[in-house]
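Reader: I would like a close look at one part of this model. Please take the protein surface that faces one of the DNA strands, and go contact by contact.

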Protein chains: 2
Amino acid sequence: MPAISHTPPPTPPLAAVETVDTSFLETLMGYNARRASLTIVEHFMRRMAVYELRIVDFSVLSLISRNPGITSRQLCGTLGVLPPNLVAIIGALEKRELIERLPHPSDRRATGLHLSPAGQALVAQAEVTAAELEEEATARLTATERKTLMRLLQKIYR
Amino acid sequence: MPAISHTPPPTPPLAAVETVDTSFLETLMGYNARRASLTIVEHFMRRMAVYELRIVDFSVLSLISRNPGITSRQLCGTLGVLPPNLVAIIGALEKRELIERLPHPSDRRATGLHLSPAGQALVAQAEVTAAELEEEATARLTATERKTLMRLLQKIYR
DNA sequence: TATTGTTATACTCTATAACTATA
DNA sequence: TATAGTTATAGAGTATAACAATA
């Protein structure tokens, strides 16, 4: 049986933290993907502000542009937005006269979404800006690294 | 001068969209980073549910573990959380008796955050799970690709 | 019976202003 | 005067339930 010490255990040092050690979090793909994603999102919001477009608005317009007649349901499935939350998004874009709702050719429950001429002009400009800001946000990467990064990210989510 | 047609312009075809073309969005780094990030986040939330930890809770515990005595302000700066929003997070972890607040050695305005023994045990388990789920989420990548991806993501946000 | 689009609503996350105690 | 931590609160984003019209 060991001797029992009657002195209290030593008080912990309680030193102040000088610089925060984030090395463990940086070994996690989730942490790195999130940080990188947030960085690009910042660039995006700053550059798209002139068009008064959020990321979801830009995505919706771009998808309608390349898929004229797409339905709300298809947009929801593609972008991971729940149907009730798309209503206000579509409504606002329609109120700005950037998109139009036309009857769906074969399903009277649905409506086909189309860009107005103003919407086509806006999305054309916004897509140029999007390409530019991508270059900005990934300026520290070479063209080859950019392609590699794109490919590896797609391997995760596809 | 060309002849003027008096017939109305042809009605647009209004064909239904069969499969949604997402090829343009897939050329954007922001889109790919966000999709990949969301995929990993899903894995994370599912696996961390047993510990009742959200990503921010895990991050806070892991940072306190490696930086005992870290202040709320330092956590905010590291994780990009605003001070008012950290209060409830810290409060809940303290109520669960996973962390303890001890006086800061040199600044009486601040409090140093420390893990309780229960908190240390939980974070140790959670970090193992985190490493496992990372493997799951990036299962389609080789070890080399994983390292490359990590490096390229860090080049964007650092 | 299932699906599209919608309303209402609740919950979470994020952001801003203002206060106290201390530096 | 500036900073750490806090409260109250507002706004954005995300979630579920339920309904009418149509498939």
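Author: Start with the backbone of Arg73(B). In this predicted model, one of its polar backbone atoms sits 2.5 Å from a phosphate oxygen of DNA strand D. Ser72(B) also uses its backbone: an N or O atom there lies 3.4 Å from a phosphate oxygen of the strand. Arg54(A) works through its side chain instead. A polar atom of that side chain is 2.9 Å from a phosphate oxygen of DNA strand D.

Now the elements behind this surface. Three helices each give two or more residues to the surface near DNA strand D: helix 4 (83-95) of chain A, helix 3 (72-79) of chain B and helix 4 (83-95) of chain B. Helix 4 of chain B gives the most, with 3 residues.

Next, the whole set. There are 17 residues around DNA strand D. Those that come nearest are Arg54(A) and Asn85(A) from chain A, with Arg73(B), Arg101(B) and Arg109(B) from chain B. On the DNA side, sugar and phosphate make up 57% of the strand D atoms that come within 4 Å of the protein. By class, the protein surface there has 7 charged, 6 nonpolar and 4 polar residues.

Both chains take part, and they also meet each other. The axes of helix 1 (residues 29-48) of chain A and helix 1 (residues 29-48) of chain B come within 9 Å and cross at roughly 145°. That crossing is left-handed. The residues that meet include Ala33(A), Ser37(A) and Ile40(A) on one side, and Ala33(B), Ser37(B) and Ile40(B) on the other. This helix contact counts 6 nonpolar, 4 polar and 2 charged residues.

Notes:
Residues are numbered from 1 along each chain as its sequence is written. Chains are lettered from A and ligands numbered from 1 in the order in which they are written. This is a predicted model: local features need pLDDT of at least 70, side-chain atom pairs count only at pLDDT 80 or more; totals for chains, interfaces and linings use all residues. Side-chain values use heavy atoms; hydrogens and water are left out. A residue is near a molecule or strand if one of its heavy atoms lies within 4 Å of it. A polar contact is a pair of N or O atoms within 3.5 Å; within protein, one must be able to donate a hydrogen and the other to accept it, and residues adjacent in sequence count only if both atoms are side-chain atoms. Helices (H or I, at least four residues) and strands (E, at least two) are DSSP runs, numbered from the N terminus. Ala, Val, Leu, Ile, Met, Phe, Trp, Tyr, Cys and Pro count as nonpolar, Asp, Glu, Lys and Arg as charged, and the others, Gly among them, as polar. Axes are lines fitted to C-alpha atoms, for helices over the stretch in contact, and angles run from 0 to 180 degrees between N-to-C directions. A crossing is left-handed if the near helix is turned anticlockwise from the far one by less than a right angle, and right-handed if clockwise. Contact means heavy atoms within 4.5 Å.
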